[in-house]
Amino acid sequence: MNLFVYGTLLEEKVWLSVAGKSYKSVSAKLYGYSCKKLKNRPYPGLIQEKGSTVNGIVYLNIAEKTISQLDIFEGVEYKRIKVTVDSLDNGEMICDTYLFKEEFSDLVLKKEWSLEEFKNIDMCHFLTDEF
C-alpha cells in the first residue's frame, strides 16, 4: 500500500518513531484538500477544500503491520481514505491518506498548519507523548 503523508509524519523522526523503519518515498501534491491547524493540537487536520493543494510525500509499498501502527497513531479523529495524488516522479498515483473526520470540525482553525512551526515549537514534546 502507498500512503500520502502531509503533517507530522513528514518529519523523519516522527515517521521512524511510529513506523519503525524507512520506506522509499516520492514528493507529491494532493489537490482539493487543505492542511489546517487544529485547536490545542500540534498536528494538522486534512480537510477537503476546493482550490487548495497540500504538498507531501508518498511512502511506497508499506507493510500491513506498519499501516496498523499508523492507524493507531492517527487515532479516532482520522479516517484512512483513498486519494489520487500527483507525483513528479510517478505521475498520478492512487494511495491512502488520513482525512480529519467531519465530526471533529469544530477543532479546525482557518490557519494553515506549518511543518516549520511544528519542528521549532512542538516536536520536542510531541515525540515524548505516547500514542
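# Exercises on a predicted structure

Asn-40 lies in the loop between E2 and E3. The structure in which Asn-40 is examined below is a predicted model.

## Exercise 1. Two asparagines in loops

Determine the sign of phi at Asn-40 and at Asn-61, and state whether each residue is buried or exposed.

*Solution.*
Step 1. The expectation is set by a general tendency: most residues other than glycine have a negative phi.
Step 2. Phi of Asn-40 is near 60°, which is a positive value in a residue other than glycine.
Step 3. Asn-61 is placed in the loop between E3 and H2, and its phi is near 50°, again positive in a residue that is not glycine.
Step 4. Exposure requires a relative accessible area over 50%. Asn-40, at 74%, is therefore exposed, and Asn-61, at 62%, is exposed as well.

## Exercise 2. Aromatic pairs

How many aromatic pairs are there, and how is the pair of Tyr-43 and Tyr-78 to be classified?

*Solution.*
Step 1. Rings are paired if their centres lie within 6.5 Å; by this rule the count is nine aromatic pairs.
Step 2. For Tyr-43 and Tyr-78, the centres are 6.2 Å apart and the planes form an angle of 55°. Planes under 30 degrees apart count as stacked and those over 60 as edge-to-face, so this pair is tilted.
Step 3. The positions in the chain come next. Tyr-43 belongs to the loop between strand E2 (25-38) and strand E3 (44-59), whereas Tyr-78 belongs to strand E4 (residues 78-87). The two residues are 35 residues apart, and the pair links distant parts of the chain.
Step 4. Tyr-78 has a relative accessible area of 7% and is therefore buried.
Step 5. A second pair, Trp-113 with Phe-118, is also tilted, with 5.8 Å from centre to centre and 40° between the planes. Trp-113 is buried at 11% relative accessibility, and Phe-118 is buried at 1%.
Step 6. Finally, ring pairs join Tyr-43, Tyr-78, Phe-100 and Phe-104 into a cluster.

## Exercise 3. The contact of two helices

Describe how helix H1 and helix H2 are arranged and which kinds of residue form their contact.

*Solution.*
Step 1. Helix H1 spans residues 12-19 and helix H2 spans residues 64-74; their axes come within 9 Å and cross at roughly 110°.
Step 2. Angles of 65 to 115 degrees count as roughly perpendicular, so H1 is roughly perpendicular to H2.
Step 3. From H1, the residues Val-14, Trp-15, Val-18 and Ala-19 meet Thr-66, Gln-69, Leu-70 and Phe-73 of H2.
Step 4. Sorted by character, the residues of this contact are six nonpolar, two polar and no charged.

## Exercise 4. The cysteines Cys-35 and Cys-95

Establish how many disulfides the structure contains and why Cys-95 forms no bond with Cys-35.

*Solution.*
Step 1. A disulfide is a covalent bond between the sulfur atoms of two cysteines.
Step 2. The search of the whole structure finds zero disulfides. Cys-35 is in none, the nearest cysteine sulfur being that of Cys-95, 15 Å away.
Step 3. A disulfide needs sulfur atoms within 2.5 Å. The sulfur of Cys-95 has its closest cysteine sulfur in Cys-35, at 15 Å, which is too far for a bond.
Step 4. Cys-35 is buried, with 7% relative accessible area, and Cys-95 is buried at 2%.

## Exercise 5. Residues of strands E4 and E5

Decide whether Asp-96, Tyr-98 and Lys-79 are buried or partly exposed, and find contacts of each residue.

*Solution.*
Step 1. Asp-96 is found in strand E5 (residues 91-100), and Tyr-98 also has its place in strand E5. Lys-79 lies in strand E4.
Step 2. Buried means under 20% relative accessible area. Asp-96 is thus buried at 4%, as is Tyr-98 at 4%. Lys-79, at 42%, counts as partly exposed.
Step 3. Residues up to four places away in sequence are set aside. Asp-96 then touches Met-1, Asn-2, Leu-3, Phe-4, Arg-80, Ile-81 and Lys-82.
Step 4. With the same exclusion, Lys-79 touches Thr-97, Tyr-98, Leu-99 and Lys-101. Tyr-98 has contacts including Leu-3, Tyr-6, Leu-46, Tyr-78 and Lys-79.
Step 5. Two distances complete the description. The C-alpha atoms of Tyr-98 and Glu-77 are separated by 9.3 Å, with the residues 21 apart along the chain. Those of Lys-79 and Ser-105, 26 residues apart, are separated by 13 Å.

Methods. Residues numbered from 1 in each chain as written. Predicted model: local features only at pLDDT ≥ 70, side-chain atom pairs only at ≥ 80, totals over all residues. Heavy atoms only, no water. Phe/Tyr/Trp six-rings, centres within 6.5 Å; stacked < 30°, edge-to-face > 60°. Helix = DSSP H or I, 4+ residues; strand = E, 2+ residues; numbered from the N terminus. Buried < 20%, exposed > 50% of the residue type's maximum accessible area, 1.4 Å probe, protein only. Axes fitted to C-alpha atoms, helices over the stretch in contact; angles between N-to-C directions. Parallel < 35°, antiparallel > 145°, perpendicular 65-115°, else oblique. Contact = heavy atoms within 4.5 Å. Nonpolar A, V, L, I, M, F, W, Y, C, P; charged D, E, K, R; others polar.
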